[in-house]
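Visitor: I should like to learn how to read the features of a protein model. Could you guide me through one?

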Amino acid sequence: MNAIVSLVHFCEVDGPSVIFCTQAFHANSVEDISDELSVSSGGKSPSTGQTHSDSSKELLSNKKEYSVNTNRPAPASCASCAFSLPPLDSLSDAKTIHNSEIKGFKTRDEENPLVTYKGTRYPQDQQLYAAVRQACVRSLSCEFCQGREGPVLFGDDKNGYVLSYMFKIKDSQARGSQRWYSFTFLMTDRVYLVESWPFLVSKFRALATSIQSRANQIFEKENATKEEKNDGTFLTRSGPLSPTSPDQFLRRRANQPLRSLVDLLRSKDFFVQLHANFSWILKACGMRLQEKHLNDQTLFSNSVVFSSKTIMLLDPVATYKFPPSDFNCLEETRIEDLKALYNILGLDVFRKLILNFVMGNQLVIKGNDPKIVQSVISILKDLVPSECCSIMENENNYQTISKCNILGLNATAQIPNDVNKSTLCLLYISRDCNKSSKDKAMTNAFEFNLQYGIDDKDNKRIYSAPNSFINQLIGILKLNLPSEIMNTRIMIFKEQWSSKAKQFLIFITKSNNEGGNALANMESTKQKEFIKYIDINENDLPIIKFWIGCLKTA
Amino acid sequence: MSHSEDEYSLHTSHIGNDVSEDPVQDHRPRLLIMGLRRSGKSSIQKVVFHKMAANETLFLESTNKIIKENITSFIDFQVWDFPGQIDYFDTATYDSDVIFGEYGALIFVIDAQDDYIEALNRLHQTVLRAHEKNKNLTFEVFIHKVDALSDEFKIDTQRDIQQRTTDELADVGLENVPLSFYLTSIYDHSIFEAFSKVIQKLIPQLPTLENLLNILCANSGIEKAFLFDVNSKIYIATDSSPVDMQTYEICSDMIDVIIDISEIYGRTTSFHQINDELYGDDQTQVETNGKAGNYGTTTDTANDAASLIKLNNGMVLCLRGVNRFLALVCLLRSDNFEKHGLIDYNFQCFKQAIAEVFELKRRSAERLRHEGMRLSGDVNEGG
Ligand SMILES: Nc1nc2c(ncn2[C@@H]2O[C@H](COP(=O)(O)OP(=O)(O)O)[C@@H](O)[C@H]2O)c(=O)[nH]1
Ligand SMILES: [Mg+2]
């Protein structure tokens, strides 16, 4: 997902102007090739700020950094459109940076070190700047409708699509006591934007409402003091300085710009908060859905149908409310969830186990405690579509892959020699009697052993491919989510992949019908292209094929 | 760039009153009100076309986008109120051909209470570029908010502005572009007067109308006659005797009186439908025909509206409904009014003539519409 969020304003002096925008940068932008708005310079830009960041980061402790860049002169602007930071000395005594030099914020994504969120007045990229500017002008003076607040969607392929949430805030010094603002969310993918509409609108509305209510309070206060003054000093104030009519009063104001939001709302860290909100919106919006580019129209519409299944709204606000859960029930003999399993097995064993399973190899789980075996099985079965699972939980003898692909075996049972060991993966797991419950961490309380099966550990390129199934899954597990949300997240992940499998199925059925096998060569390039579009790593094709096989027969 | 029309909804904006989809009406003349921010553009538009009280304009919000308003009256036209902050000649963002391409007038408002150097620069730029786009555009400069200036200062200001502008335009070889200057304020009748003159230039029938008024005045002993658009109090024609401000003001006030009375006692009916006679001592007769009507939707029965006020200086102020949009207000000596049979007769003739003038226009519009429909019909068959 590539998007940029901005706050724009209809300035009394300059007309529509951009005040602030936040943008995500991906250190390695593999997915972005086809994306017009992707910022190729993203890779290098984070380095500029890093050297300055250390001390302020600690002091701020809310993972904000202040980066300084003097390359580009600060845009000349009136106060009303200015964006400003809280005075730096309140953050760090050690640093003597003049406010005027400060260009923006940078936030690192703690969960994904590749991503940074940069908040500046304008985007650096020229093309992007033009698009943001265009969005700003359009939302405030074309799509605008006097008196109407709320969202509107517009755009085109050239400048991208924009969701604009317009709102007005009270300002006793402004003409008509109103000032108009808008949050704009700009991206290239219209479908994605439409799908994100409810989410974005609800977040923008919440943000706007909080700004408005703050402004209202101050407006009331200012009006009250104004009236008071008028009453109290009615007689004494008749010097040449006092305005005699409201028009004169306004006229005097007319040539000086209105207050900036920081002053208007009397909130010094307004833009810090705004940036935090924008970053979060970008991140959360990206997590809700996976954006895919498909050339073929029919496939596109299908993909929408399928992916609508995967659009499960998990409100990520909740995810930050809970402290990360620790394992504290030591006597528990079950393994709670996938994350626990991952912690027990460690990266390598876990990887291999999962890979074998999702590619269709048989999993044999052996152990002397059937409860543990069962818990492992019930965790694993949720990783694949239910059609892909045939389970025998507690057997005394080996059963072939044609009968089941997950097999819970008694500890003493043996695997016959004639079974093909490359289609089978054997996990032995049981409680470690030596360590037992005295051990603090539950992860050490198990002993295990993995045998047979295939492994991708030696192929470095495949091993580290960021978009591969297994690496994505591990990425999710590394997120610091409460277990309930983690499970939902994993379920969504599964749905995403089964959706990919379905799309792929449609693709191959379609190309089989069309070309037969005469053009096998061309087909394979087409296929390559296609899987790139739906973001499947080539090495994950076995997974997809296995899932398709199950989905077809089901 | 044909799509940009839709993109910026220059044509299809739903702001303003009843914007009709009629292709013929889309080419109604445009009044583009431009000028720096806070110069009083929106105020003018509100006061003239919405009857906003002048001091209420203090509370107007600043304008964010072009506000278009369709005025349906004796001639249909559009009023476009521009935000002062935006440069609509910026071709990257706006399609200035669409904005400035139509027949009409560009009204440039200058705040005379403020330092007007910047406004003049903008005026010169605007004239230069708008003239480039559309050679037929007429330029009207409103030197506005003159209510706070002394009469002497008013004249000086106008002379200064006029001088600087003609010099500037001569420098760039545009001395032939006609510019008219008006001193205006929303706190008196000057804004209506100025608007009247602007609109009159857009009325092709103006010479005919003036001629008719001259004939009427000459034959009925009328001192001064105005043909008013009732809803905006703009006069679209007058006889050729000089207009003095006081006469205009009293005639314009007459319309206010009638409208006020009909609003209070006529309820849903607008003034046309009231046969309102204030004649002599205290003989007052108010009659409504009970039909609902407002701006532009009144029926032909409104034609009968008539009202008289005897002034204490021996003059008579006389109002007659002409058609659903227009009313004739005239001032005559009360001894001339003795022969009011003759006046009534002449007036009927006048009304008849006006009807014929506008009937001609209606028919040609209809023909145009038919042609348009036939054209689109052909397209449908062809496709
Ligand atoms: N004294 C005076 N003030 C005016 C006049 N016309 C407009 N104003 C004031 O000028 C201010 C700005 O008017 P507005 O129409 O919103 O300006 P716009 O930005 O050009 O649309 C308002 O406070 C009006 O009350 C006028 O004729 N005389
Ligand atoms: Mg305005």
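Guide: Certainly. Please bear in mind that this is a predicted model. Let us begin with one pair of residues: Ala306(B) has Arg320(B) in β12(B) as its bridge partner.

Visitor: How many bridges join β11(B) to strand β12 of chain B, and do these strands run parallel or antiparallel?

Guide: Strands of a sheet pair through backbone hydrogen bonds, and the pairing may be parallel or antiparallel. In this case five bridges join β11(B) to β12(B), residues 315-321, and the two strands run antiparallel.

Visitor: Of which sheet are these strands a part, and in what order do its strands lie?

Guide: They belong to an open sheet of five strands in chain B, ordered β8-β7-β13-β12-β11, with antiparallel pairing. Its edge strands are β8 (234-238) and β11 (306-310) of chain B, each of which pairs on one side only. From one strand to the next, the twist averages 25 degrees.

Visitor: How are β7(B) and β8(B) connected?

Guide: They form a hairpin, with four residues between the two strands. In the turn, Lys233(B) has a positive phi of about 60 degrees. Four bridges pair β7(B) with β8(B) in the antiparallel sense, and Asp229(B) stands opposite Ile234(B) of β8(B).

Visitor: Why is β8(B) described as largely enclosed by the rest of the structure?

Guide: A residue counts as buried when its relative accessible area is under 20%. Five of the five residues of β8(B) are buried, and therefore the strand is largely enclosed.

Visitor: Which helix lies across this sheet?

Guide: Helix α8 of chain B, residues 245-265, lies across β7 (222-229), β8, β11, β12 and β13 (326-333) of that chain. The helix runs at about 50 degrees to β7(B).

Visitor: What is the strand order in the six-stranded sheet of chain B?

Guide: The order is β2-β3-β1-β4-β5-β6; this sheet is open and its pairing is mixed. The edge strands, β2 and β6 (179-183) of chain B, each pair on one side only. Here the twist averages 20 degrees from one strand to the next.

Visitor: Where can I see a parallel pair?

Guide: Consider β1 (residues 30-35) and β4 (residues 104-111) of chain B, which pair in the parallel sense over six bridges. Within this pair, Ile33(B) stands opposite Ile107(B) of β4(B). Helix α4 of chain B, residues 117-133, packs on the sheet and touches β1, β4, β5 (138-144) and β6 of chain B. The direction of α4(B) makes about 170 degrees with that of β4(B). Helix α5 of chain B, residues 151-171, also packs on the sheet, touching β4, β5 and β6 of chain B, and its direction makes about 160 degrees with that of β6(B).

Visitor: Which residues coordinate the magnesium ion?

Guide: Ser42(B), through OG, and Thr63(B), through OG1, coordinate the ion (ligand 2) at 2.0 Å. They are 21 residues apart: Ser42(B) is in helix α2 (residues 41-50) of chain B, and Thr63(B) is in the loop between α2 and β2 (67-71) of that chain. Ser42(B) is buried, with a relative accessible area of 14%, and Thr63(B) is buried at 9%.

Visitor: How may I check the length of helix α2 of chain A?

Guide: One compares the expected span with the distance between the end C-alpha atoms. At 1.5 Å a residue, the 16 residues of α2(A), 126-141, should span 22 Å; the end C-alpha atoms are 22 Å apart, so the two values agree. Asp125(A) caps the N-terminal end of α2(A), with a side-chain oxygen 3.1 Å from the backbone nitrogen of Gln127(A).

Note on methods:
Residues numbered from 1 in each chain as written. Chains lettered and ligands numbered in written order. Predicted model: local features only at pLDDT ≥ 70, side-chain atom pairs only at ≥ 80, totals over all residues. Heavy atoms only, no water. Pairing = 2+ DSSP bridges. Axes fitted to C-alpha atoms, helices over the stretch in contact; angles between N-to-C directions. Contact = heavy atoms within 4.5 Å. Donors = N, O, S within 2.8 Å, 3.2 Å for Na, K, Ca; no water. Buried < 20%, exposed > 50% of the residue type's maximum accessible area, 1.4 Å probe, protein only. Expected span 1.5 Å × (residues − 1). Polar contact = N/O pair within 3.5 Å; in protein donor to acceptor, adjacent residues only side chain to side chain.
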